[in-house]
Amino acid sequence: MNPTATSVRRKLSTPPVPTSSFPYHPGSLLSVLDLSVEGVSRVLARSTELELADPLIRDRILAKRRIALLFYESSTRTRTSFELAAKSLGADTTLVSSLSSSIEKGESLKDTGLTLRALGAEAIILRHNSSGAAWLLEESTRLPVINAGDGMHEHPTQALLDLRTILAHLRPGIREVGAETLAGVTVAIVGDILHSRVARSNMLLLPGLGAQVVLCGPKELLPEQAAKSSAGIAIERDFDKAIGQSQAIMMLRIQAERLSGLQLDLDQYKAAYQLTGQRLAAHAPAAIVMHPGPIIRGMEITAGVADGVQSTILEQVTNGVAIRMAVVERALVADEQGGRA
Amino acid sequence: MTILAILNGHLIDPAAGVDGPKDILLKDGRVAEIASPGKLKSAADAQSLDAKGLTLAPGLIDIHVHLREPGQGYKETIATGTAAAAAGGFTAVAAMPNTTPVNDSTEITRWMQQPERGAKVRVFPIAAATRGSKGEVLSDYAALKSAGAVAVTDDGRPILKDNVMRETLVAAARAGLAVIQHAEDTRLTQGASMNLGPVSFKLGLRGMPPEAESALVERDIRLVTELRDSHAHLHVAHTSTAAALAAVRQARRNGLRVTCEVAPHHFLLTEEHVGLYNTHAKMNPPLRSAEDRDAMIDAILDGVVDAIATDHAPHATHEKEVEFELAPNGITGLETALGLCMRWLHKEWKLPLGRVLSLLSAQPAALLNLKGRGTLAVGSYADVVVFDPKAEWTYRATESLSKAKNTPFDGWTMQGKVRWTVSEGRVVYTNPA
């Protein structure tokens with residue numbers, strides 16, 4: 001290439017990238033980045049208050065408020081815990097799932113959202129198989145939208161409940177979190193990072209609180225670009241080394257439904273990345289073992305580890321209800337300062 | 001046919017080497033006379049347009065547009081698409097064959113050019129390279145050419161099989177037509193909706209690797225090299241990657257007939273413009289990295305790029321108001337090309353006005369061998385754009401004459417306002433201002 005042209009080009013200005021001024025409803029939670037560190041701290045504190053509150057008082061908070069759960073993908077944990085969380089606060093919930101609604105007849109996400117709004121929904125909790133769907137729904141309805149997982153993109157309430165689990169074990173008794181709360185803590189995220197919204201939300205949330213995140217997995221499931229997602233993220237392909245430096249190990253399922261033709265040798269995968277009791281004892285005997293579920297016993301994790309003393313898998317599920325109470329409340333109630341977390 | 005004189009303007013006709021104050025006289029759809037101001041000999045009966053302070057140039061030529069007819073008139077029609085073309089200063093557009101049905105026949109090729117279509121400017125059909133654009137059996141190039149087709153392509157459905165592409169290049173060369181390739185190895189882009197890179201990872205979208213484009217360009221160039229004796233002409237549509245441009249550059253050094261076009265969005269925008277799933281930043285090839293975008297600018301400035309083409313791809317509003325992955329590819333471009341080229345290529349990056357206009361008229365005309373177009377030499381078609389090169393204005397998608405409003409350039413500042421567009425002697429667009 002002509003060197004002069006190159007040197008000329010360096011000085012050229014180009015059109016600016018538009019800064020995102022997405023007109024969020026202040027109650028929406030589409031990405032973990034919608035929350036400042038103080039906001040995260042408030043959600044965590046509020047989830048504890050709500051968890052401990054008298055159920056008969058708690059259920060007046062959103063008494064008779066209407067919340068729609070709009071689910072385009074199957075779900076056990078997320079759907080049930082959102083539903084229980086909303087009902088614990090007294091809200092009326094209705095579930096619309098893609099397989100038993102007009103979505104099957106070809107109704108668009110926009111029209112489905114507008115229909116729910118016309119039916120009186122005041123907030124929508126959306127699980128969708130397409131990345132970015134929550135933004136489209138919020139733009140179409142201008143309602144508070146809670147992203148309960150959009151494609152391979154984000155799952156913010158999962159990251160918050162994971163954080164609550166990590167704090168309970170590694171920073172017990174802490175009341176407020178800040179930018180240094182997890183300084184010195186390394187969290188390993190292992191497995192199918194490429195297709196994981198849980199990984200993406202945790203990668204954006206945890207470094208903001210001072211944690212180091214180490215990503216571990218084969219190249220097909222963990223591209224190099226992943227390390228560029230934010231500061232505080234590194235890639236370690238050696239599983240033993242990755243867990244050896246970590247206080248929390250987050251195992252991920254291989255998302256067979258999203259592999260899109262990618263061929264994996266599962267025996268090879270298991271040999272390299274399955275978390276076994278032996279491996280755990282040898283390299284991370286004190287770390288907590290997390291998994292967002294659903295777990296595939298005998299694939300990414302052995303039954304012994306999943307049921308073992310280091311496992312926090314069911315604790316995470318329980319934490320999900322508390323976190324989602326705080327997030328659902330935030331969607332519909334502005335706090336006393338007139339703002340939100 | 002009326003006689004039209006355009007007086008007191010500044011004529012820039014790069015192909016004819018003219019850059020100065022000239023009056024021109026248009027008669028019977030052709031340029032009849034060019035003279036210094038006030039010196040036209042036969043202007044007595046002519047209607048006149050006063051172009052004082054304005055620039056006259058050969059009407060712009062866009063060799064890559066989708067007019068959607070036949071079959072997809074809800075997105076755009078030949079009438080509305082060419083109305084947008086006229087508003088953008090274009091007097092000729094080459095229409096891609098991915099219509100419904102695919103334009104692989106002389107019937108459709110002729111149908112598109114019939115006066116009943118209501119075209120404001122000249123439409124040159126580009127025919128499908130293979131039947132149904134299925135990449136298997138070649139269409140009849142000689143017949144298509146005689147029906148008016150100016151090139152062949154399976155745009156959007158690249159010809160992947162080596163043997164079919166080889167046959168296509170040979171047969172098209174025999175018919176005197178260019179083969180336009182939408183270079184994308186679709187085996188590498190399954191399910192992908194944007195460029196592969198840090199942004200696609202962040203957004204959780206499957207990415208198209210730049211190699212999907214460059215590998216096919218390299219394959220095509222290898223075939224053209226092997227077929228050197230048949231003088232095949234390969235034209236690379238909407239080039240978007242540095243690697244593909246490098247391959248074109250090298251092919252040219254090797255004396256091959258390989259040309260390329262770049263779309264305004266590829267020399268202006270990057271993958272970052274996808275923002276939070278803006279479907280108006282979704283097209284194929286996708287917006288690429290800043291390095292790729294800079295390579296487009298370089299290649300335009302140093303002359304490797306043969307034409308600016310918009311890939312005008314109108315879609316109905318409801319089609320773009322969907323999940324990013326589900327949205328169709330493409331943006332409109334006919335009304336914004338000149339304004340963006342003037343604002344950025346000329347004003348910002350100092351490409352001389354004559355070269356900007358050449359990329360938008362003389363060079364694309366030469367590329368598709370459009371005789372009598374892309375110049376205003378006496379005897380040429382009376383295709384003229386008259387514009388104010390200094391005027392700044394703001395583009396409003398809602399005011400578009402296209403049926404579609406899917407543009408990432410809504411609200412952008414443009415430079416160079418079209419005042420009149422004249423197609424074969426008829427004024428087909430007048431700016432109300």
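B:Ile3 is buried in this predicted model: its relative accessible area is 17%, and buried means under 20%. The residue lies in strand S1 of chain B, which covers residues 3-13.

The neighbours of B:Ile3 come from two stretches of the sequence. Leaving aside residues up to four places away in sequence, B:Ile3 touches B:Leu25, B:Leu26 and B:Lys27, and also B:Asp45, B:Ala46 and B:Gln47. A further distance helps to place that part of the chain: the C-alpha atom of B:Ile3 is separated by 8.7 Å from that of B:Gly29, a residue 26 places along the chain.

From this residue we turn to the chain as a whole. Chain B has 13 helices and 19 strands. The radius of gyration of chain B is 21 Å, close to the 22 Å that the globule rule gives for 433 residues, so chain B is as compact as a globular protein of that length. Its C-alpha trace spans about 65 × 45 × 40 Å along the principal axes.

Contacts in chain B can be sorted by separation in sequence. Among those between residues at least 6 apart, 73% join residues at least 24 apart. As for burial, 65% of the 433 residues of chain B count as buried, B:Ile3 being one of the buried residues.

The surface and the charges remain. Chain B has an accessible surface of about 14900 Å², and carbon and sulfur atoms account for 51% of that area. The chain carries 46 positive and 49 negative charges, and the mean positions of the two sets are 3 Å apart.

Terms used: Residues numbered from 1 in each chain as written. Chains lettered and ligands numbered in written order. Predicted model: local features only at pLDDT ≥ 70, side-chain atom pairs only at ≥ 80, totals over all residues. Heavy atoms only, no water. Helix = DSSP H or I, 4+ residues; strand = E, 2+ residues; numbered from the N terminus. Rg over C-alpha atoms; globule rule 2.2 N^0.38 Å. Buried < 20%, exposed > 50% of the residue type's maximum accessible area, 1.4 Å probe, protein only. Contact = heavy atoms within 4.5 Å. Areas by Shrake-Rupley, 256 points an atom, 1.4 Å probe, with all protein chains shown as cover. Lys, Arg positive; Asp, Glu negative; His and termini not counted. Charge placed at Lys NZ, Arg CZ, Asp CG, Glu CD.
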